[in-house]
Amino acid sequence: MRIDKLLANLGYGSRKEVKRLLKSGAVKIDGETVKDAKEHVDPKINQVTVHGETVEYKEFIYLMMNKPQGVLSATEDAYQETVLDLLELEDAIYKPFPVGRLDKDTEGLLLLTNDGQLAHRLLSPKKHVPKTYFAIIDGEVTEEDVEAFRKGVTLDDGYLTKPGELKILKSGIRSDIELTITEGKFHQVKRMFEAVGKRVVYLKRNSMGPLRLDEDLELGEYRELTDEEIESLQN
Ligand code: URA
């Protein structure tokens, strides 16, 4: 990769600003000052420094966010705040994107990465990656609902869902439940409850495949995945 492209990608300025930086003699590759913007560098092999500071390079970034309500799972929006607006610049420069969507009013586990292959695999309908949600339901969730979800329910557009595993945590005029589904249709959890005449009033995702939401993350906070977590997603 060209040195000017690498440095621009890493947030050292526009290509023009990076050119100026190179001209000033601030950039070294393996200890040699480099002034030519066209110079090629392999960031995995070569050591690049700017003003003597080593440039940290990684190809992929994997972030676990506890998404708060009121924020869009999108990369950009003209009017509303997106999950990318919650990232520090040092993470945003890797241009991660959310893997799948949570509704604006849904909280919980959201994975952000720039690893397109991994995102594709996690989202592929063929992979049946399980996702577990905690929800508060307006209405009494019953064993009949558990049975209906086990068989799959018909959504408002006529689609019959795959089986969902519904657990009643607390039943009453408001019920607490946990639901595991292996698909990701638009508003799926809300529409599955609508199919049995009930309304979701609070929704939070707790897990996606092997990844569990880190309970130490406050709403709006995020952290990088551990190596073990990344590995678990790649299997
Ligand atoms: N199902 C929904 O209805 N909303 C979400 O955000 C996720 C799953």
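1. Contacts of Asp 115. Beyond the residues up to four places away in sequence, Asp 115 touches Phe 60, Tyr 62, Phe 97 and Gln 234. The model discussed in this note is a predicted one. With one of these partners, Tyr 62, the side chain of Asp 115 forms a polar contact of 2.5 Å. Asp 115 is placed in the loop between strand 7 and helix 4, the latter spanning residues 116-123.

2. Burial and chain separation at Asp 115. The relative accessible area of Asp 115 is 7%. Asp 115 is therefore classed as buried, since that class covers values under 20%. Along the chain, Asp 115 and Ile 61 stand 54 residues apart, and their C-alpha atoms are separated by 7.3 Å.

3. Division into domains. The protein is divided into three parts: domain 1 covers residues 3-54, domain 2 covers 62-125 together with 211-234, and domain 3 covers 130-208. Domain 2 is thus written as two stretches of sequence. Between the centres of domain 1 and domain 2, taken over C-alpha atoms, the distance is 29 Å.

4. The nonpolar cores. The largest nonpolar core comprises 46 residues, and those with the most contacts inside it are Ile 3, Val 48, Leu 179 and Phe 193. Helix 1, residues 3-9, supplies the largest share of this core, namely four residues. Another core lies apart from it and has 16 residues, including Met 64, Val 99, Leu 109 and Leu 111.

5. Phe 193 in the largest core. Which residues does Phe 193 contact once its neighbours within four places in sequence are left aside? They are Ile 137, Val 141, Phe 149, Leu 166, Ile 177, Leu 179, Lys 198 and Val 200. Leu 179 also appears among the residues with the most contacts inside the largest core.

6. Leu 109 in the other core. Leu 109 belongs to strand 7, which runs over residues 107-113. Its relative accessible area is 0%, so Leu 109 is buried. Setting aside neighbours within four places in sequence, Leu 109 is in contact with Met 64, Met 65, Leu 102, Arg 205, Asn 206, Ser 207, Met 208, Leu 211 and Leu 213. Met 64 is also one of the residues of the 16-residue core. By contrast, the C-alpha atoms of Leu 109 and Lys 16 are 38 Å apart, with their positions 93 residues apart along the chain.

7. Asn 206, a partner of Leu 109. Asn 206 is found in strand 11, residues 199-208. Is Asn 206 buried or exposed? With a relative accessible area of 10%, Asn 206 is buried. Apart from neighbours within four places in sequence, Asn 206 is in contact with Leu 109, Thr 132, Tyr 133, Phe 134, Leu 211, Arg 212, Leu 213 and Glu 215.

8. Surroundings of the ligand. The ligand is surrounded by Leu 102, Asp 103, Thr 106, Tyr 133, His 187, Gln 188, Val 189, Lys 190 and Leu 203. Two of the names met above recur here: Leu 102, a contact of Leu 109, and Tyr 133, a contact of Asn 206.

9. Polar atoms at the ligand. A side-chain N or O atom of Asp 103 is 2.7 Å from a nitrogen atom of the ligand. On the backbone, an N or O atom of His 187 lies 3.2 Å from a ligand oxygen atom, and an N or O atom of Lys 190 lies 3.1 Å from a ligand oxygen atom. Taken alone, the ligand exposes 230 Å², of which the protein buries 96%.

10. Two histidines with positive phi. Most residues other than glycine have a negative phi. His 187 has a positive phi of about 50°, and for His 51 the value is near 50° and likewise positive. His 187 is in the loop between strand 10 (174-181) and helix 6 (188-195), whereas His 51 is in the loop between strand 3 (48-50) and strand 4 (53-54). His 187 is partly exposed, at 30% relative accessibility; His 51 is exposed, at 61% relative accessible area.

11. Arg 150. Arg 150 has its place in helix 5, residues 143-151. Its side chain is joined to that of Glu 147 by a polar contact of 2.7 Å. Not counting residues up to four places away in sequence, Arg 150 touches Pro 163 and Gly 164. Arg 150 and Glu 165 are 15 residues apart in sequence, and their C-alpha atoms are 6.0 Å apart in space.

Technical notes
Residues numbered from 1 in each chain as written. Predicted model: local features only at pLDDT ≥ 70, side-chain atom pairs only at ≥ 80, totals over all residues. Heavy atoms only, no water. Core = buried A, V, L, I, M, F, W, Y, C linked by side-chain atoms within 4.5 Å. Buried < 20%, exposed > 50% of the residue type's maximum accessible area, 1.4 Å probe, protein only. Helix = DSSP H or I, 4+ residues; strand = E, 2+ residues; numbered from the N terminus. Contact = heavy atoms within 4.5 Å. Near = heavy atom within 4 Å. Polar contact = N/O pair within 3.5 Å; in protein donor to acceptor, adjacent residues only side chain to side chain. Areas by Shrake-Rupley, 256 points an atom, 1.4 Å probe, with all protein chains shown as cover. Domains from an automatic or database assignment.
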